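Here are some notes to read alongside the model, for someone opening it without background. They go point by point, so feel free to skip around.

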Amino acid sequence: MRNRYTVVLSAVLLVGVGALILGQKVNAAGESKITGTVKLDGPAPHMKGIDMSKDPFCSKAHATDPGKMETYVVGADGGMENVVLYLSEGLSNPTTETTEPVFDQKNCMYTPHVLALDTDQKFKVVTSDQTTHNIHPLPNPMTGNIPWNQSQPPGAAPVVKSWKAPEVIPVQCNIHPWMHGWFVVVKGPYATTDEKGNYTINNVPPGNYTVTAWQEAAGTQTQKVTVAAGGSASANFSFKAK
Amino acid sequence: MRTGLGNCSLLLGAAAVMLALSLPSSAQLTQYDLEKRIGMESHVGNITGHAKDAKPEYRRFCVGCHGELGDGNGENFPWVDPKPRDFQLGVFKCRSTPTGTLPTDADLFDTIARGMDRSNMPQWSNLTKQERADLVAWVKHFSPRWVGEKPGTPITVPPEPAVTPERIKAGREVFARVQCWKCHGVLGQANGPSAATLTDDLGRPIAPFNFTEGARPKCGDTDKDIYRIFMTGLDGTPMPSFADNIKPDEAWDLVFYLRTLMSQHSKEKAMAKQLGLKPVDPNAPPPQQ
């Protein structure tokens, strides 16, 4: 009889403690975040237009909205798009992102121009175009990321891939040499700025971190932040065009 | 005593600096890294190649272009084009395996014997099979990829069907659909709209294959070789893999159509002539898959 009580009691205790631990984890993971804005200090550099006349499909797609380079994409109030923010120091147990972002070849441009990824996070390369592209990322094989090169003619099935190691990987289409984008592979949570330069890194466990902001031409900047359990920290960045 | 100690620490300091300078850096492979991988083997058929046995052959025949450290930076580097392969990267054009994977030992073995047409890489068919297998192991020992990674699984090449006019016409449709002409040109003259701007993975200008000059494709000129070239892609170059977008049966059709573009005489060429086959129209809307 007494034995039975002990068993029931310990079972209840076990479940209770388990729930408490799990609950806390979900809470901490769901609510702590780092937010901020990335701005350009000074006037937005002029972005060159792209001559797509070699491919009638591409030039037709841009008949009313001529394509231009995307080295700097700056909003009206100086907000910089396509800046990747990640935790370069302080993460003890990074978990892998499980979402599967899409990298689209649309109107002979990459959408998005910069795709941030966690290591081993799968991503999907698709084409919306009626012209053949080849998707050709150029990582340094010494990092453990291996270059590959696949064609995507009109209507091609998506290509699903992932990267092993943190690295900034340029990606290009050899058929349309103006098509140039980036896979920014980092360890742990990350964010990419929107058209206003705003970002939110979600799922940050409490702790002290170095936040790194990466922009393809302006370089990188870092800031130290402290994230409290269930709270949020903020880090704003200001870049000068190079 | 005091001076003795001072001398001693000075000596120690100098030794530490020397040690720091001689340690292998992570950016560039050194003789030290290579020594660790000298046990590398290759397996081609029933022959086992040993890296340690290849050193004399490599130093005699290969080092001038590919370099002591296998980085393609031999003394002939400035004078040859296409540039010698950098074996440290472990990225190879001629493979039977999918894009982004290591070639098989047999692939490297065949490449050594075949040489690279229109380059400074001659055919090494005069070497014995054992020597070539040893050289394969030696080539592999330059890249850290072979320590932790296995070669890809070779793509399946179904038996070659008989050439028919229908197959040649179907091959022409594949050529139009996947837009080979964007680089190779509608007549295979390497003058497609994207030909002039092509660069290899290291940013150096590179020309697409010209089918009309009587040249042999770099990765072999049998029908099976041509099948493999466009299905696996030539890694390190702009030539992508079409394995996801051309079905095996269609791939043979394309091989037959490519033969009609080549200047060498072939039954495919004769059939195309009889059919009165016209080059594909680059301005036609791309047919749906």
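**Notes on a two-chain model**

1. Let's start with a pair of helices. H7(B) and H10(B) pack at an angle of about 95°, and their axes lie 7 Å apart. That makes the two helices roughly perpendicular to each other, since angles from 65 to 115 degrees get that label. On the H7(B) side, the contact is made by B:Arg167, B:Ile168, B:Ala170, B:Gly171, B:Arg172, B:Val174 and B:Phe175. H10(B) brings B:Glu250, B:Trp252, B:Asp253, B:Leu254, B:Phe256, B:Tyr257 and B:Thr260. By class, the residues of this contact are eight nonpolar, two polar and four charged. Bear in mind throughout that this is a predicted model.

2. Stay with H10 of chain B for a moment. The helix covers residues 248–261, 14 residues in total, and spans 21 Å from its first C-alpha to its last. That is close to the 20 Å expected at 1.5 Å a residue.

3. Is H10(B) enclosed or open? Of its 14 residues, 11 are buried, so the helix is largely enclosed by the rest of the structure. The buried residues include B:Ala251, B:Val255, B:Leu258, B:Arg259 and B:Leu261. B:Trp252, B:Asp253, B:Leu254, B:Phe256, B:Tyr257 and B:Thr260 are buried too, and these six also take part in the contact with H7(B). The cover over the buried residues includes helix H7 (165–177), helix H9 (223–232) and helix H11 (267–275) of chain B.

4. Now zoom out to the whole of chain B. There are 11 helices and two strands here, and in sequence order they read α-α-β-β-α-α-α-α-α-α-α-α-α. Chain B has 289 residues, and 40% of them count as buried. Looking at contacts with a separation of 6 or more, 63% link residues 24 or more positions apart.

5. The domain assignment splits chain B into domain 1 (31–148) and domain 2 (165–275). Taken over C-alpha atoms, the centres of these two domains of chain B are 27 Å apart. Domain 1 of chain B puts 14 residues into the contact and domain 2 of chain B puts in 15. On the domain 1 side, that works out by class as five nonpolar, three polar and six charged residues.

6. One backbone detail in chain B deserves a look. The peptide bond from B:Asp81 to B:Pro82 is cis, with omega near 5°. Most peptide bonds are trans. B:Pro82 sits in the loop between helix H3 (55–66) and helix H4 (105–114) of chain B.

7. On to chain A, which has two helices and 17 strands. Buried residues make up 39% of its 242 residues. Among contacts in chain A with a separation of 6 or more, 64% come from residues 24 or more positions apart.

8. How do the chains meet? In this model, 29 residues of chain B are in contact with 25 residues of chain A. The chain B side of that contact has 11 nonpolar, 12 polar and six charged residues.

9. Around strand E4 of chain A, several things are worth checking together. A:Tyr110 is in E4 (residues 109–111) and counts as buried, because 22 C-beta neighbours lie inside 10 Å and 20 are enough. Beyond its neighbours within four places in sequence, A:Tyr110 is in contact with A:Phe103, A:Gln105, A:Met179 and A:Gly181. The C-alpha atoms of A:Tyr110 and A:Lys68 are separated by 12 Å, with their positions 42 residues apart along the chain.

10. The loops on either side of E4 have oddities of their own. A:Cys108, in the loop between strand E3 (102–106) and E4 of chain A, has a positive phi of about 60° although it is not a glycine. A:Cys108 is buried, with 22 other C-beta atoms within 10 Å. The peptide bond from A:Thr111 to A:Pro112 is cis, with omega near 0°, and A:Pro112 lies in the loop between E4 and strand E5 (114–118) of chain A.

11. Finally, which residue other than glycine has phi near 55°? A:Asn203 does, in the loop between strand E13 (198–201) and strand E14 (207–215) of chain A. With 14 C-beta neighbours inside 10 Å, A:Asn203 counts as partly exposed.

Definitions and conventions
Residues are numbered from 1 along each chain as its sequence is written. Chains are lettered from A and ligands numbered from 1 in the order in which they are written. This is a predicted model: local features need pLDDT of at least 70, side-chain atom pairs count only at pLDDT 80 or more; totals for chains, interfaces and linings use all residues. Helices (H or I, at least four residues) and strands (E, at least two) are DSSP runs, numbered from the N terminus. The expected span of a helix is 1.5 Å times one less than its number of residues. A residue is buried if 20 or more other C-beta atoms lie within 10 Å of its own, exposed if 12 or fewer, and partly exposed in between; C-beta atoms are placed from the backbone. Two residues are in contact if their C-beta atoms, placed from the backbone, lie within 7 Å. Axes are lines fitted to C-alpha atoms, for helices over the stretch in contact, and angles run from 0 to 180 degrees between N-to-C directions. Angles under 35 degrees count as roughly parallel, over 145 as roughly antiparallel, 65 to 115 as roughly perpendicular and the rest as oblique. Ala, Val, Leu, Ile, Met, Phe, Trp, Tyr, Cys and Pro count as nonpolar, Asp, Glu, Lys and Arg as charged, and the others, Gly among them, as polar. Domain bounds come from an automatic or database domain assignment.
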